Amino acid sequence: MRTMIKYFFLCLTLLTFSACTPSEESSVEASILAPDNSPYLVVLGIAQDAGYPQAGCQKNCCRDLWAQKVQRKMVTCLGLVDPQSKETWLFEATPDFPDQLQLLNQELGQDAGVLPKGIFISHAHMGHYTGLMNLGREAMGAKNAAVWTMPRMTSYLTDNGPWSQLVALQNIQLQKLKADSTFQLNERLKLTPFLVPHRDEFSETVGFKIEGTKASALFIPDIDKWERWDLDIREELAKVDFAFIDGTFFENGEIPGRDMALIPHPFIEESRALFAELPLVEKNKIHFIHFNHTNPVLKMGKERALLKQEGFGQCEEGDYFAL
Ligand SMILES: [Zn+2]
Ligand SMILES: [Zn+2]
Ligand SMILES: [Zn+2]
């Protein structure tokens, strides 16, 4: 009976998520969502690398946000929490790292300065690693924060300032990720990084598969186009319970004056078409994330309603997914 009541509240909470702000609600919801102390993912940011609003933007998308902070969105980031072992992990070190670290620690009622057990970096684009600067001498002065990176990313951080100073001063301790190699984070959680095609100027790019004891998730914040990947996203989707995937742009032509072929992402329109024939249960697994400031789904409107109507999810800050 107690469990049933908890799951009733879980459903209620899920229904009201979009209205919640993470900072006020998180610890309460976490305890409801994880009645058996199972690990969970918490969404700590949903915007593309440059955030929302984006520097210099006076268009409709961002104009109203300069005067207020309520509707701003942080850069794409997931927190992983194991309430049982009291451990946390962070996916991406974004420009919003200070707030995201604070929110992550709040999940366990911990001091804001506790470092996650590991920070996983997908690639060397500004929204995914520059938050590491907060671990350095000018900021936290962290000691041996475990930062997990692929080989090219490791070289990039080791060989280029200011990141090399984090390595030299041992603010961070680089740990090796290997593509397609699964490893245990603890006895309840497993992680597998895998390569995806992306504009790899400074590093390779990976997505992550995160497996708990009850559920598993894919996290692919950046990928050029689905058809350029040697795996079929629909087949990978079938193997997991949730997929947080690249929803940077809604459609072609979204950024007037920029050649969008130079910044390829699967447009949400293209993903909708690719997934159109999938059964609803598969569509329900998909949660778009990594929204550019121009993406209309950031505002209430027909695009957002359309996704919902078709059975797709879109991540909101403060969303929880039990693993
Ligand atoms: Zn990105
Ligand atoms: Zn804008
Ligand atoms: Zn990128």
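C57 is buried, as is C62. C61 also counts as buried, because its relative accessibility is 13%, under the 20% limit for that class. The model in which these cysteines sit is a predicted one, and the positions discussed below are computed from it.

C57, C61 and C62 each give their SG atom to the zinc ion (ligand 2), and H293 adds its ND1 atom. The distances from these donors to the metal run from 2.0 to 2.3 Å. Angles among the 4 donor atoms span 101 to 121°, and the site is tetrahedral; that class requires all angles to lie between 85 and 135 degrees. Along the chain the donors follow the pattern C-x3-C-C-x230-H. The cysteines are thus given by one short stretch of the pattern, while the histidine comes after a spacer of 230 residues.

Another cysteine, C77, is buried because its relative accessible area is 0%. How many disulfides does the model contain? The count is 0, where a disulfide would need a pair of cysteine sulfur atoms within 2.5 Å.

A second site holds the zinc ion (ligand 1). Its protein donors are D49 and D222, through OD atoms, and H128 and H290, through NE2. They lie 1.9 to 2.2 Å from the metal. Why is this arrangement called irregular? The angles subtended by the 4 donor atoms range from 81 to 172°, and this spread makes the arrangement irregular. The zinc ion (ligand 3) is 3.6 Å from the zinc ion (ligand 1).

The donors of the zinc ion (ligand 1) are spaced D-x78-H-x93-D-x67-H along the chain. Within this set, D49 and D222 link distant parts of the chain, 173 residues apart. D49 belongs to the loop between β1 (40–45) and α3 (60–63), and D222 to the loop between β10 (216–220) and α8 (233–238). Both aspartates are buried: D49 counts as such because its relative accessibility is 6%, and D222 because its value is 2%.

Away from the metals, helix α6 offers a further case of burial. Within residues 151–159, the buried ones are M153, Y156 and L157. Viewed down the axis of α6, they fall within an arc of 90°, so they line one face of the helix. These buried residues pack against α5 (126–129), β5 (145–149), α7 (163–168) and β6 (172–176). On the face of α6 turned away from the buried side are the exposed residues P151 and D159.

How values were computed. Residues are numbered from 1 along each chain as its sequence is written. Chains are lettered from A and ligands numbered from 1 in the order in which they are written. This is a predicted model: local features need pLDDT of at least 70, side-chain atom pairs count only at pLDDT 80 or more; totals for chains, interfaces and linings use all residues. Side-chain values use heavy atoms; hydrogens and water are left out. Donors are N, O and S atoms within 2.8 Å of the metal (3.2 Å for Na, K and Ca); water is not among the atoms, so sites may look incomplete. Four donors count as tetrahedral if all angles lie between 85 and 135 degrees; four count as square planar and six as octahedral if opposite donors are over 155 degrees apart and all others between 65 and 115; anything else is irregular. Helices (H or I, at least four residues) and strands (E, at least two) are DSSP runs, numbered from the N terminus. Buried means under 20% relative accessible area, exposed over 50%, partly exposed in between (1.4 Å probe, protein chains only). The arc is that of the directions from the helix axis to the C-beta atoms. Contact means heavy atoms within 4.5 Å.
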